[in-house]
Amino acid sequence: MDTTAKTKTNIVINNHHYQVDVDRKTGAQLKALASIPEANLLFREAHGPGDDELIQNETLVHLHDGDHFYDMPPGNFGGR
């Protein structure tokens, strides 16, 4: 059911709103969009209970309207 009308997907990265024309981006592309250093960790907030999803640079992310992402410098993840 492919239509010629492109819909924009609204996402939030580090509390900044972005509209993207595609429904898939890699973790590295999301970081570039938000000017996040490539070495930082990127997470997608989980809806409801559960852990947030760690997005690797090479991971292809299926974007959904309203997705929220945030980054964290490397080395601050985990309590070990």
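Trainee: Which strand is E53 found in?

Mentor: E53 is found in strand β5, which covers residues 53-55. Keep in mind as we go that this is a predicted model.

Trainee: Is E53 buried, exposed or partly exposed?

Mentor: E53 has a relative accessible area of 36%, so this residue counts as partly exposed.

Trainee: What is E53 in contact with, once its sequence neighbours within four places are set aside?

Mentor: There you'd list L42, F43 and R44. You can also look at spacing along the backbone: E53 and F69 sit 16 residues apart along the chain, and their C-alpha atoms are separated by 9.2 Å.

Trainee: Now salt bridges. How many does a search of the whole structure find?

Mentor: The general idea is to look for a side-chain nitrogen of Lys or Arg within 4 Å of a carboxyl oxygen of Asp or Glu. Searching the whole structure that way gives 3 salt bridges. One of them joins the side chains of E53 and R44, at 3.1 Å from N to O.

Trainee: And which residue forms a salt bridge with R44 from strand β7?

Mentor: That's D67, with the closest N and O atoms 2.9 Å apart. D67 lies in strand β7 and R44 in strand β4, so the pair ties together parts that are 23 residues apart in sequence. Put the pieces together and R44, E53 and D67 are linked in a network of salt bridges.

Trainee: Are R44 and D67 buried or exposed?

Mentor: R44 is buried, with a relative accessible area of 12%. D67 is buried as well, at 3%.

Trainee: Where does D21 meet a partner in a salt bridge?

Mentor: D21 meets K8, with 2.6 Å from N to O. D21 is in the loop between β2 and β3, while K8 is in the segment before β1, and the two are 13 residues apart. Both ends are partly exposed: D21 has a relative accessible area of 42%, and K8 has 45%.

Trainee: What about K31, a charged residue with no salt bridge? How far away is the nearest side chain of opposite charge?

Mentor: K31 is found in helix α1, residues 27-33. This lysine is buried, and the nearest side chain of opposite charge, E38, is 6.8 Å away. A salt bridge needs the atoms within 4 Å. Leaving out residues up to four places away in sequence, K31 touches I36, P37, E38, N40, L42 and N57.

Trainee: L42 keeps turning up. What does L42 itself touch?

Mentor: With residues up to four places away not counted, L42 touches G27, L30, K31, I36, E53, L54, I55, F69, Y70 and D71. For the strand pairing, check the bridge partners: in β7 the partner of L42 is D71, and in β5 the partner is I55.

Trainee: How many bridges join β4 to β7, and which way do the strands run?

Mentor: β4 and β7 run antiparallel and are joined by 4 bridges. β4 also pairs with β5 in the antiparallel sense, over 3 bridges.

Trainee: How do I read a pair of aromatic rings?

Mentor: Such a pair is described by the distance of the centres and the angle of the planes. Here the count comes to 1 aromatic pair. The rings of F43 and Y70 have their centres 5.3 Å apart and their planes at 15°, so the pair is stacked. F43 is in strand β4 (residues 41-44) and Y70 in strand β7 (residues 67-72), so to speak linking distant parts of the chain, 27 residues apart.

Trainee: Are F43 and Y70 buried or partly exposed?

Mentor: F43 has 3% relative accessibility, so this ring counts as buried. Y70 is partly exposed, with a relative accessible area of 22%. The cut-off for buried is under 20%.

Trainee: Last one: which residues make up the largest nonpolar core?

Mentor: That core has 12 residues: I11, I13, Y18, V20, L30, A34, I36, L42, I55, V61, L63 and F69. Strands β1 (9-13) and β2 (16-20) each supply at least two residues of this core. You'll spot L42 in that list, along with I55, the bridge partner of L42 in β5.

Definitions and conventions. Residues are numbered from 1 along each chain as its sequence is written. This is a predicted model: local features need pLDDT of at least 70, side-chain atom pairs count only at pLDDT 80 or more; totals for chains, interfaces and linings use all residues. Side-chain values use heavy atoms; hydrogens and water are left out. A nonpolar core is a set of buried Ala, Val, Leu, Ile, Met, Phe, Trp, Tyr and Cys residues joined through side-chain atoms within 4.5 Å. Buried means under 20% relative accessible area, exposed over 50%, partly exposed in between (1.4 Å probe, protein chains only). Contact means heavy atoms within 4.5 Å. Rings of Phe, Tyr and Trp (its six-membered ring) pair if their centres lie within 6.5 Å; planes under 30 degrees apart count as stacked, over 60 as edge-to-face and the rest as tilted. Lys and Arg count as positive and Asp and Glu as negative; His and the chain ends are not counted. Two strands pair if DSSP finds at least two bridges between them.
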